[in-house]
Amino acid sequence: MVRSTTKDAQDLIRAVWSAYSATPTNLKIIDHYVVFAVFTALIQVVYMALVGTFPFNSFLSGVLSCVGTAVLAVCLRIQVNKENKEFKDFAPGRAFADFVFCNVVLHLVIMNFLG
C-alpha cells in the first residue's frame, strides 16, 4: 500500500511538472515573484515568533506588504495569461500599469501605517 501511494505521488508530481513546463516564461517569472513574496512573509512571521512583537506596526506593515504584493501579482498573472478568456481584451501593458499603480497605492498605505 505504501509503495502504490508513493508511486501515485511521484506520478502526480511528474504530471504537474510536465504541465507546468509548457507555461510561458513571463508567467513563470510572475509565479517566482509570488513565491518569493509569500516566502518573505513567512520569514517575517517566524522571526516575529522567535524574537517578539515589539514594533508590532512594523511587523504588520512588512507582512501586509508581502501578502498584498503577492495578491496583486496573482491578479497580474490572471490578466496576462493568454488562456484566460475573461481578460482577452486587456492589453498586457495595461495590466502591468494597473499592477504598478496598485503597488504604489498599497505601499503608500503601508508607509502611512508605519507612522
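Colleague: Just after H2, which residue takes a positive phi?

Modeller: This is a predicted model, in which local features need pLDDT of at least 70, side-chain atom pairs count only at pLDDT 80 or more, and totals for chains, interfaces and linings use all residues. Residues are numbered from 1 along each chain as its sequence is written, and side-chain values use heavy atoms, with hydrogens and water left out. Helices (H or I, at least four residues) and strands (E, at least two) are DSSP runs, numbered from the N terminus. Just after H2, a positive phi of about 135° is taken by Gly52.

Colleague: How far does H2 reach from its first C-alpha to its last?

Modeller: The expected span of a helix is 1.5 Å times one less than its number of residues. H2 has 27 residues, and its reach is close to the expected 39 Å. From first C-alpha to last, H2 comes to 39 Å.

Colleague: What is the order of elements in the protein chain, from the N terminus on?

Modeller: The secondary structure comes to 4 helices and 0 strands. From the N terminus on, the order is therefore written with helix symbols alone: α-α-α-α.

Colleague: What is the radius of gyration of the protein chain, and why is the chain described as more spread out than a compact globule?

Modeller: The globule rule is 2.2 Å times the number of residues to the power 0.38, and the radius is taken over C-alpha atoms. For 115 residues the rule gives 13 Å; the chain is well over that, so it is more spread out than a compact globule. The C-alpha atoms fill a box of roughly 55 × 45 × 20 Å along the principal axes. The radius of gyration is 19 Å.

Colleague: Is Thr69 buried or exposed?

Modeller: Thr69 is found in helix H3. Among the residues it touches are Tyr33, Phe99 and His107, leaving out those up to four places away in sequence; contact means heavy atoms within 4.5 Å. Buried means under 20% relative accessible area, exposed over 50%, and partly exposed in between (1.4 Å probe, protein chains only). At a relative accessible area of 6%, Thr69 is buried.

Colleague: Which helices are included in what covers the buried residues of H4?

Modeller: H4 covers residues 92-114, and its end C-alpha atoms are 33 Å apart, which agrees with the expected span for 23 residues. In H4, Ala95, Phe99, Asn103 and Ile110 are buried. Thr69 of H3 touches two of these residues, Phe99 and Asn103. The cover includes helix H2 (25-51) and helix H3 (56-80).

Colleague: Which residues does Arg77 touch, not counting residues up to four places away in sequence?

Modeller: Arg77 is found in helix H3 and counts as partly exposed because its relative accessibility is 22%. The buried residues of H2 include Leu27, Ile30 and Asp31, and these also appear among the contacts of Arg77. Met48, another buried residue of H2, is 30 Å from Arg77, C-alpha to C-alpha. Arg77 touches Thr23, Leu27, Ile30 and Asp31.

Colleague: How far apart in space are Ala15 and Phe99, C-alpha to C-alpha?

Modeller: Ala15 lies in helix H1 (residues 2-20) and counts as partly exposed because its relative accessibility is 42%. Phe99 is one of the buried residues of H4. Ala15 and Phe99 are 84 residues apart in sequence, and in space they are 31 Å apart.

Colleague: What percentage of the 115 residues counts as buried?

Modeller: Residues 24 or more positions apart account for 67% of the contacts with a separation of 6 or more. Of the 115 residues, the share that counts as buried is 24%.
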